[in-house]
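The following exercises practise the reading of a protein model. Attempt each task before studying its solution.

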Amino acid sequence: MNIGVKLQRLSEENLVWLVYFFIIIAALLSNAYEKYFLETGDLRNQKIFKTLNITIFCIAFFIYLYFVVISYEKVQELRETSTKKEVISTHLTLIASLLFLVAGGIALYAEINKDDPDTDIGVV
């Protein structure tokens, strides 16, 4: 992989980290609305924190999808001259990315379909 592609990917990863910063803010805000809901029983607060959580999981899912695509591209770029260690490492990275994507999909599905606010899902 040439240096231009590496620099482009680093720029994209910087954007991902910036998005994670906003995810943190949204998660804190969601927790505040959940706290208000638990204290007051106001269903508007429940709807707000549930919507925030679904939005967070959707964004995280697409970030995980981005990393799957990047990992898959790296697997495709492997050469016959690649060392066994490089091949294993690249494939393990793809597997880890796929597992994060699956976990993100399951968490999103669970958040959309849960009715009980006591069932909490941690944001990865």
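**Exercise 1.** Determine how many helices and strands the protein has, and in what order its elements run.

*Solution.* Step 1: helices (H or I, at least four residues) and strands (E, at least two) are DSSP runs, numbered from the N terminus. Step 2: the protein has three helices and zero strands. Step 3: from the N terminus on, the order is α-α-α. Step 4: the radius of gyration of the protein is 19 Å, well over the 14 Å given by the globule rule for 124 residues, so the protein is more spread out than a compact globule. Here the radius is taken over C-alpha atoms, and the rule is 2.2 Å times the number of residues to the power 0.38.

The model is predicted: local features need pLDDT of at least 70, side-chain atom pairs count only at pLDDT 80 or more, and totals for chains, interfaces and linings use all residues. Residues are numbered from 1 along each chain as its sequence is written, and side-chain values use heavy atoms, with hydrogens and water left out.

**Exercise 2.** Describe the largest nonpolar core and state which helix gives the most to this core.

*Solution.* Step 1: a nonpolar core is a set of buried Ala, Val, Leu, Ile, Met, Phe, Trp, Tyr and Cys residues joined through side-chain atoms within 4.5 Å. Buried means under 20% relative accessible area (1.4 Å probe, protein chains only). Step 2: the largest such core has 13 residues, and Y20, I23, I56, I63 and Y64 have the most contacts inside it. Step 3: helix 1 (3–40), helix 2 (43–76) and helix 3 (84–113) each supply at least two residues of this core. Step 4: helix 2 gives the most, with six residues.

Note on methods:
Buried < 20%, exposed > 50% of the residue type's maximum accessible area, 1.4 Å probe, protein only.
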